[in-house]
Amino acid sequence: MDFQTECLKAHNEYRKKHGVAPLKLDREISKISQQWADYLIKIGTMVHSKNSEYGENIFMMESSNPNFTVSGSKPVDAWYSEINLHKFGAEPKSLASGHFTQVVWKESEKLGVAFAKKAGKVIVVANYYPPGNMIGSFAENVPPPGGFSGKAQSSNINNNTIDLSPSLSRLSLSLKSSAKDLRSITEGNFEEDFLNAHNHYRARHGVPPLTLDKSLCKYAEEWAKHLASKNILEHRPESNYGESIYCLYSSDPTFKINGNTPVDTWYEEIKQHTFSREPSDLKSGHFTQLIWKSSESLGVAVAKSSQGSIYVVAYYSPAGNFVGHFVENCPPLKPKFYDTLSPMAQATSSVEAKKTSDVDIQQFARDALKVHNEYRRKHSVPDLVLNHDMSKYAQEWADTCARTSSLQHRANNPYGENIVSMYSSDYSHVPTARDSVKKWYDEIKQHTYGGDKVPQSSLHFTQIIWKDSKELGVGIAKNKKGQTYVVCNYNPKGNCIGQFTENVPRPRS
């Protein structure tokens, strides 16, 4: 039985238990699932897509055996196991059982499913139409086992009596982390940077700053270690606090995460949020919790799995994302949010603005485009054109890198990306666009043509001349430490596995 058929069969066996109609496999939806699965296996982590037309479940499993695989029923069994976290007949306060509820969602009729595999990692993506997990519709769409008219088949369906404390206590004893362990996976003062990033965004919306709570940090540490031990991203059941979780994978064992990256990623969900009304789903739930006006304190912790995934867990008190309270707790951006900053913050922002004002950003972008196209012509590939919206996007990330003094790729980036950092003790010095692009292009010396193995040491070079890329976005920012950060984004993105031979031609002789 092939994977898709087995996955469909597992869904419908569970749906039959709950008295809801079976799903039908849809080829077009499966294509969409495959596209996202391929993207996730490429970036090496689990994040939901921003496709609001379908419901979505994601599953990841890793093994030290590169030849292992999973059956079509394995992810469905894992998703369905969240039944123990669900309270039937009521609207949930969180989506801790969201995978389960989507599996049995009564109104869903079609299923698309796909998997992608790389070395010892498998990622499964399932999409559902119509989508489930709509706020206000859980009671009528998630019947208990036996169906709405039948007798429940389990005696503990609604008591949610899952006691995690014993296992968490054992976990804490076996995975005690030292300050040294934390420093090995984080950059800078992670907790302080994480808190400051929250309050930077909260100031934009005119809501009070959060304070760091050590007891909440301890609570977050328990769950972060739990996630790292299982190497899976899932919400903590029956928590009294608001929760945001984040996972980032790198094959580089020395990779570190800073306190800004998870917060910046969560805040980007602002694009999915409609202000001044109650949301119909929780696609912007990380963002709304981040700026939730009534929340006062914050706890955060980080843990790393043996497979290389870094997990970040944040808890908020009082919790946010309560249905019926979004409008008063999630105000839109203030037109002049700068005026809400403290005098010290205003002074700091003025220094940062002055440093960036030393750079003619538009001229730098034009120069960067010119140098890119000079190099591309050497390889007989078409010129790029400058895209204004992509340049705004690149500038946002350049500003973030400069503000945090961190050279790190943007998470969930729809574009290809090259970044570079340069330092000068002369704080007025501005590197040229040619200097920046040449640093990337010089990786040509490390490149081997004619193979489809990913050339890890020349990926900046290959993105510059990637034949299928057509548009360029450019950003540049300086900080008061003498550091300059340059970010370039490319559309369509390059460096796609299996496409190097046709997209990276040799230079003309």
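Colleague: Quick one to start: where is Ser 380 placed?
Modeller: Ser 380 is in the loop between H14 and strand S9 (385-386). Helices (H or I, at least four residues) and strands (E, at least two) are DSSP runs, numbered from the N terminus. This is a predicted model, in which local features need pLDDT of at least 70, side-chain atom pairs count only at pLDDT 80 or more, and totals for chains, interfaces and linings use all residues. Residues are numbered from 1 along each chain as its sequence is written, and side-chain values use heavy atoms, with hydrogens and water left out.

Colleague: Is Ser 380 buried or exposed?
Modeller: Ser 380 has a relative accessible area of 51%, so it counts as exposed. The terms work like this: buried is under 20% relative accessible area, exposed is over 50%, and partly exposed is in between (1.4 Å probe, protein chains only).

Colleague: And what is the phi of Ser 380?
Modeller: Ser 380 has a positive phi of about 60°, although it is not a glycine. Most residues other than glycine have a negative phi.

Colleague: Which loop holds Asn 321?
Modeller: Asn 321 lies between strand S8 (309-317) and helix H12 (326-329). Asn 321 is not a glycine, yet its phi is positive, about 60°.

Colleague: Buried or exposed, that Asn 321?
Modeller: Buried, because its relative accessibility is 16%.

Colleague: What is Asn 321 in contact with?
Modeller: Leaving aside neighbours within four places in sequence, the list is Lys 93, Gly 285, Thr 288, Gln 289, Trp 292 and Phe 326. Contact here means heavy atoms within 4.5 Å. The side chains of Asn 321 and Thr 288 share a polar contact of 2.6 Å. A polar atom of the Asn 321 side chain also lies 3.0 Å from the backbone oxygen of Gly 285. A polar contact is a pair of N or O atoms within 3.5 Å; within protein, one must be able to donate a hydrogen and the other to accept it, and residues adjacent in sequence count only if both atoms are side-chain atoms.

Colleague: Back to H14. At what angle do the axes of H14 and H16 cross?
Modeller: Roughly 35°, and the axes of H14 (residues 361-378) and H16 (residues 433-441) come within 8 Å. Axes are lines fitted to C-alpha atoms, for helices over the stretch in contact, and the angles run from 0 to 180 degrees between N-to-C directions.

Colleague: Which residues make that contact between H14 and H16?
Modeller: On H14 they include Phe 364, Val 371 and Tyr 375. On H16 they include Val 437, Trp 440 and Tyr 441. The residues of this contact divide into eight nonpolar, two polar and five charged. Here Ala, Val, Leu, Ile, Met, Phe, Trp, Tyr, Cys and Pro count as nonpolar, Asp, Glu, Lys and Arg as charged, and the others, Gly among them, as polar.

Colleague: New topic: where are the cis peptide bonds you'd show me?
Modeller: One joins Tyr 129 and Pro 130, with omega about -10°. Another joins Asn 491 and Pro 492, also with omega about -10°. Pro 130 sits in the loop between strand S4 (121-129) and helix H5 (138-141), and Pro 492 in the loop between strand S12 (483-491) and helix H18 (500-503).

Colleague: What about H1, which residues are buried there?
Modeller: Phe 3, Cys 7, Leu 8, Ala 10, His 11, Asn 12, Tyr 14 and Arg 15 are buried in H1. What covers them includes strand S1 (24-25), helix H3 (73-80), helix H4 (98-104), strand S3 (110-118) and S4.

Colleague: And Thr 5, which helix is it in?
Modeller: Thr 5 is in H1 (residues 3-17). Its relative accessible area is 37%, so Thr 5 is partly exposed. A polar contact of 2.6 Å links the side chains of Thr 5 and Asp 2. Thr 5 and Val 113 are 108 residues apart along the chain, and their C-alpha atoms are separated by 9.3 Å.

Colleague: Last one, how many helices and strands does the protein chain have?
Modeller: The protein chain has 18 helices and twelve strands. Of its 509 residues, 49% are buried.
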